[in-house]
Amino acid sequence: MDVFSKNLEVQYIPEENVIKKVLKSGTKSCEKEDLSMNIILLGAPGAGKGTQADVISEHLEIQSISTGNIIREALKSGTELGKQAKSFMDKGALVPDEIVVGIIKERLSKGDLNNGFILDGFPRTIPQAKALDELGVKIDKVIDIEVDDEVIIPRMSGRRVCESCGASYHLINKKPQVDGICDKCHGTLVQRKDDHVDTVKERLKIYHDQTEPLKDYYKQQNKLVEIDGNLSLEETKQLTLNALEA
Ligand SMILES: [Zn+2]
């Protein structure tokens, strides 16, 4: 068949059929329109990502998933990637990006997140963000909770937990009735290693060095919404809800 007869063939398609075809494909693309809302929560340790993740989760009725939980799930179900992750964790080493991203991809493709999801604590680095993009994971919005280090340090270092029942307290906001003693079970209150001032400072440094560049990364993609997390819980909550409409 030469070029001309090909063209002729096209010309001979009855108009009616062409219109039907267009209409059909139009409907199809409407049906396929993706209304899900996939969100990344960005913010320093202690910025309150978990709390805001709950706010969004309730508002949009979508699940919040944290890297820690996904990795634990993968370990439990013994997937190939889960096993690989475990081999690194057993050595006390960081799980490499490819494995973490692979585990996240597996989790996202399970089919229960069709309405959307909130990623809490991932990505943490530019390579992880790029990997997510390369996998074709659609991200609609990145909500960045901005809290000053001077606010985070006392917020985190004031935390205490009960050794026996795990109840949590705070030296400023949620004092136990008796210093150092759990109200519920009279267990001893301790400071977790993660909440020691030096550990908090170290984690903040890592955040500023490795994670904060993601703000520019997502700003360039027009997805970044920054909110002020220095305010009261109620005010921050409202800002988060506003950010969803932004
Ligand atoms: Zn207790």
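# Exercises on a predicted chain

In the hairpin of strands E5 and E6, which has 5 residues between the strands, Gly-166 takes a positive phi near 80°. The model used here is predicted. The exercises start from this hairpin.

**Exercise 1.** Describe how E5 pairs with E6 and with E7.

Solution.
- Step 1. Strand E5 spans residues 159–162 and pairs with E6 in the antiparallel sense, over 3 bridges.
- Step 2. In this pairing, Val-161 of E5 stands opposite Ser-168 in E6.
- Step 3. E5 also pairs with E7; that pairing is antiparallel and has 2 bridges.
- Step 4. Here Cys-162 is the residue that stands opposite Leu-189 in E7.

**Exercise 2.** Find where Glu-61 and His-186 lie, and decide whether each is buried or exposed.

Solution.
- Step 1. As background, most residues other than glycine have a negative phi.
- Step 2. Glu-61 has a positive phi near 55° and is not a glycine. Its place is the loop between helix H3 (49–60) and strand E2 (63–66).
- Step 3. Count the neighbours of Glu-61: 9 other C-beta atoms are within 10 Å. The cut-off for exposed is 12 or fewer, so Glu-61 is exposed.
- Step 4. His-186 also has a positive phi, about 60°, although it is not a glycine. This residue sits in the loop between strand E6 (168–170) and strand E7 (189–190).
- Step 5. His-186 has 12 C-beta neighbours inside 10 Å and therefore counts as exposed.

**Exercise 3.** Which peptide bond is cis at Pro-123, and what surrounds this proline?

Solution.
- Step 1. As background, most peptide bonds are trans.
- Step 2. The bond from Phe-122 to Pro-123 is cis, and its omega is near -5°.
- Step 3. Pro-123 belongs to the loop between strand E3 (116–120) and helix H7 (126–134).
- Step 4. Pro-123 has 26 other C-beta atoms within 10 Å. The cut-off for buried is 20 or more, so Pro-123 is buried.
- Step 5. Leaving out residues up to four places away in sequence, Pro-123 touches Gln-128, Ala-129, Leu-132 and Leu-214.
- Step 6. Val-101 is 22 residues from Pro-123 along the chain, and their C-alpha atoms are separated by 8.7 Å.

**Exercise 4.** Classify the crossing of H6 with H7 and that of H4 with H6.

Solution.
- Step 1. Two packed helices are described by the angle between their axes and the distance between the axes.
- Step 2. Helix H6 covers residues 97–108; its axis and that of H7 come within 10 Å and cross at roughly 40°. Angles of 65 to 115 degrees count as roughly perpendicular, and 40° falls in neither this range nor the parallel or antiparallel ones. H6 and H7 are therefore oblique to each other, and their crossing is right-handed.
- Step 3. H6 contributes Asp-97, Val-100 and Val-101 to the contact, while H7 contributes Pro-127, Gln-128, Ala-131 and Leu-132. By class these are 5 nonpolar, 1 polar and 1 charged residues.
- Step 4. Helix H4 covers residues 67–77, and its axis comes within 10 Å of that of H6, crossing at roughly 80°. H4 and H6 are therefore roughly perpendicular to each other.
- Step 5. In this contact, Thr-67, Ile-70, Ile-71 and Ala-74 of H4 meet Val-100, Ile-103, Ile-104 and Arg-107 of H6. These residues divide into 6 nonpolar, 1 polar and 1 charged.

**Exercise 5.** In what order do the strands of the open sheet stand, and which of them are at the edges?

Solution.
- Step 1. The sheet is formed by 5 strands in the order E2-E3-E1-E4-E8, with parallel pairing.
- Step 2. E2 and strand E8 (224–228) each have a single partner strand, so they stand at the edges and one side of each is left without a neighbour in the sheet.
- Step 3. With direction ignored, neighbouring strands of this sheet are turned by 25° against each other on average.
- Step 4. Strand E4 (residues 141–146) and E8 run parallel and are joined by 5 bridges. Ile-145 has Ile-227 in E8 as its bridge partner.
- Step 5. H3 packs on the sheet and touches strand E1 (37–43), E2, E3 and E4. The direction of H3 makes about 175° with that of E3.

**Exercise 6.** Summarise the chain in three values.

Solution.
- Step 1. The secondary structure comes to 11 helices and 8 strands.
- Step 2. Of the 246 residues, 26% count as buried.
- Step 3. Among contacts between residues at least 6 apart in sequence, 69% join residues at least 24 apart.

Notes. Residues numbered from 1 in each chain as written. Predicted model: local features only at pLDDT ≥ 70, side-chain atom pairs only at ≥ 80, totals over all residues. Helix = DSSP H or I, 4+ residues; strand = E, 2+ residues; numbered from the N terminus. Axes fitted to C-alpha atoms, helices over the stretch in contact; angles between N-to-C directions. Parallel < 35°, antiparallel > 145°, perpendicular 65-115°, else oblique. Left-handed = near helix turned anticlockwise from the far one by under 90°. Contact = placed C-beta atoms within 7 Å. Nonpolar A, V, L, I, M, F, W, Y, C, P; charged D, E, K, R; others polar. Pairing = 2+ DSSP bridges.
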